[in-house]
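Student: Could you take one part of this assembly and look at it closely with me? I would like to hear about one chain and how its partners meet it.

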Amino acid sequence: MSMDGPTDKAADSGQPLVSLDGVNKWFGDLHVLQDISLQIARGEVIVVIGPSGSGKSTLCRCINRLESVQEGEIRLDGVLLPEEGKALARLRSDVGMVFQSFNLFAHKTILQNVTLGPIKVRGKSKAEAEKRGRELLERVGISNQADKVPAQLSGGQQQRAAIARALAMDPKVMLFDEPTSALDPEMINEVLDVMVSLARDGMTMVVVTHEMGFARKAADRVVFMDHGKIVEEATPETFFTAPRSDRAKDFLSKILTH
Amino acid sequence: MRVRRFTAALAAIGLVGLVGCSSDAGDDAGTPDATVPVETDAEFDAGTTMADLAEAGTITVGTKFDQPGFGLISPQDVPEGFDVEIAKIIAGALGIAADDIEWIESVSANREPFLQNGEVDMVVATYTINDERKQIVDFAGPYYVAGQDIMVAAGNPLAVEGPESFADIRVCSVTGSTPAGYVQENFPDADLTLFAEYSLCAEALKNDQVDAVTTDNVILTSFVAQDPESFELIGAPFTEEPYGIGVPLGDDEFRSFINDVLEASFEDGSWAAAWDATAGAITDTPAPEPPSVDRY
Amino acid sequence: MQAVLDNFAALWSGFLTTLAMSVSAAVIATIVGTLLAAFRVSPIPPLRAFGALYVQLVRNTPLTAVFFLVIFGLPSVDLTFQSFFVAAVVALSVYTSAFVCEVVRSGVNSVSAGQAEAARAIGLTFGQSLREVVLPQAFRTVVPPLGNIWIALVKNTAIAGGGFAVADLAQLAPDLARDNPAQVLGIFAGIALAYMVITVPSGIAVGIIERRTAILR
């Protein structure tokens, strides 16, 4: 990573990598994000939990502006998210995203999925992109699937390929939008293992999930959302053992009792 | 001007019903100055068609209502044109005034049925004499020989004189038509453009996409009538389409009478006056030599 | 059939004209129609509006009127095609691209929104995500309806010849019928056969493309 330019200088000064300030968003009459402010430091792993409809996925999608917000500021590495256009595309390339439904490009092989961004966005040569792509597929444990198309892979393999695709862009931050919710139970752990190892390697991550095990194991901070608001922020230890708010207690009692 | 041209052309291909087609022909052609003389002391042998008509004091004539220069209905609801004048001359010889003629629109397809059913006494309606038709109706005349002619842009910029010019100009006609066949057969190297309708040829001529349009002079006359500022007729037909007056089959006395009247009109100048006041005024062409009637 | 054989040279020339008109208009209409479809799904409202307006205007206009406008309407704004062949290709392309647009757009809509999101999420621009991700998948689903449009286009070229001054197969038919009144049926059968020489292989080719480009989902 180059070390010049205002962006990196800002990072040096300890400015948060991702910052949301007074963010409000409505879907029609529905106020889905209410006055959200959240700072994420470089290298930090944030797990966002909350009941469905609490706005946690929307929050995650706002960070790379797949959803736009009506009020408030979202900055990435000190830079305000631009309007739709080339500048936004460039900025998005620094934000990896993993979707609930994988969204691998159905007409391309796994390797092509992983190399498309580096070639088209980063301008890497095909050979260079493929070399790096194979390394990443090795890292997520599916190097033998490189030449298959997505539909030939299991859900767990597809999601690991999707993580490799995001990593291929050398992102500054990775967003995970319920990455294991669409998986059969026996495949959840293979994906979570990859995510845990990413966290250990110092990747900045925002993870929307119901996997409390992952939160305990890998999160630096848990953000609990309900009805479009951040209700509570705490370390996993504090949150799971001594939640302050009634709503967090209620939520935890529902998901931990069985 | 542009817009009007455009709607007229759209109307021509059937997209707009009633716009743009009201023709200027009536104004240009007008009614002839000289009123047709009415025979006041006509005497006919009893029992003949002539005697019946003279006694009734009226005659029913089938003519076209949509052919500028020959038979076109006027805003006053009476037809005007060369065919109409010819019918007036014949009526006049029977002692029937122009105002006492009953006009019935006859299109190409209903001319024979009208005569066969006695719905009209005669048909003067750009009616080409041919042998098939002679099986079911009889023809007096011809009183006019139409023919394939050439229409060019006003002023005739390329100095087109006749079909011999086809070798050097872009000529337009209609797919599968007899005039197109004439060009294909006699001028195989001609730059021939074929549209579905003559109105499209006329548009193309206006846009300088072709240099000339060729078909029957009568059809071309109607285009000149509608837009005399754009078009000009060469006025030298090079094929022959004799127009006759249709009468019921077997009425030889009536047919012979009409032939006499026609010949007289050729002689006394009333035929030429009729031409000059109608089709001739529109196309700015002098009256041709009268044809000789065919008393078969 | 004798008239067909006697006029083989004219038929061959008409056939080539019909083929050239069909292929040129198919290529142009497919490109323009795809661009229009891109307009219709773009994030820029004026482009979306233009695309929608174009489709509504052109798709609801009879082809004959489009021909008329191109050949006789454009000269009134000083745009004249001296060659009726070029004018016919323009008219056919204008008309057919509206249908291509709608088919491609429906193809784009059949690609799940997640594909476009994933493409944007790795930093592809709108154009790149259309080109690299959405359209390739869309095209595979629209090959059969596109094939229908292409075949309809081949037959629509007959309007150019039958009505608008292009010396193609359709223009030949009435001339041959006039010169050979006893063989009208044979002549029209021969001309129909010549159209099938273009359309039937096109249909087969579309089927092959469809099988080759099928994707697992």
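Tutor: Happily; here is a walk along chain C and its two contacts, with some stops in the partner chains.

This is a predicted model, in which local features need pLDDT of at least 70 and side-chain atom pairs count only at pLDDT 80 or more, while totals for chains, interfaces and linings use all residues. Residues are numbered from 1 along each chain as its sequence is written, chains are lettered from A and ligands numbered from 1 in the order in which they are written, and side-chain values use heavy atoms, with hydrogens and water left out.

Let us start where chain C meets chain B. This contact (heavy atoms within 4.5 Å) takes 21 residues from chain C and 25 residues from chain B. The area buried between the two is about 1800 Å², and carbon and sulfur atoms give 62% of that area. Buried area here is the accessible area, with a 1.4 Å probe, that two parts lose on being put together, summed over both. On the chain C side, Phe68(C), Phe72(C) and Arg178(C) lose the most area to chain B, and together they account for 34% of what that side buries.

The rule finds zero salt bridges across the interface of chain C and chain B; a salt bridge needs a side-chain nitrogen of Lys or Arg within 4 Å of a carboxyl oxygen of Asp or Glu. Four residue pairs are in polar contact there, both residues being at pLDDT 80 or more. A polar contact is a pair of N or O atoms within 3.5 Å; within protein, one must be able to donate a hydrogen and the other to accept it, and residues adjacent in sequence count only if both atoms are side-chain atoms.

Which helices supply this side of chain C? Helix H4 (63–73), helix H7 (126–163) and helix H8 (169–179) of chain C each supply at least two residues of the side that touches chain B. H4(C) gives the most, with six residues. Helices (H or I, at least four residues) and strands (E, at least two) are DSSP runs, numbered from the N terminus. By class, this side of chain C has 11 nonpolar, eight polar and two charged residues. In that scheme Ala, Val, Leu, Ile, Met, Phe, Trp, Tyr, Cys and Pro count as nonpolar, Asp, Glu, Lys and Arg as charged, and the others, Gly among them, as polar.

Now for the side that faces chain A. Here the contact takes 20 residues from chain C and 26 residues from chain A. The two chains bury about 2000 Å² between them, 63% of it on carbon and sulfur atoms. The rule finds two salt bridges across this interface. In a salt bridge between chain C and chain A, the side chains of Glu132(C) and Lys120(A) meet at 3.3 Å, N to O. Eight residue pairs are in polar contact between chain C and chain A, with both at pLDDT 80 or more. Helix H6 (113–121) and H7 of chain C each supply at least two residues of the side that touches chain A, and H6(C) gives the most, with seven residues. By class, that side of chain C has nine nonpolar, six polar and five charged residues.

Between H7 and H8 of chain C runs a loop that holds Ala165(C). Ala165(C) has a positive phi of about 70° although it is not a glycine. At 12% relative accessibility, Ala165(C) counts as buried, where buried means under 20% relative accessible area, exposed over 50% and partly exposed in between (1.4 Å probe, protein chains only).

Chain B, the partner we met earlier, has 12 helices and 13 strands. Buried residues make up 52% of its 296 residues. In helix H4 (residues 82–93) of chain B, the 12 residues should span 16 Å at 1.5 Å a residue, and the end C-alpha atoms are 17 Å apart, which agrees. The expected span is 1.5 Å times one less than the number of residues. Because 12 of the 12 residues of H4(B) are buried, this helix is largely enclosed by the rest of the structure. After H4(B) comes Gly95(B), whose phi is positive, near 85°.

Two backbone details of chain B round this off. The peptide bond from Gly141(B) to Pro142(B) is cis, with omega near 10°, and Pro142(B) lies in strand S7 (residues 137–146). Asn156(B) has phi near 45°, a positive value in a residue other than glycine, and is buried, with a relative accessible area of 16%.
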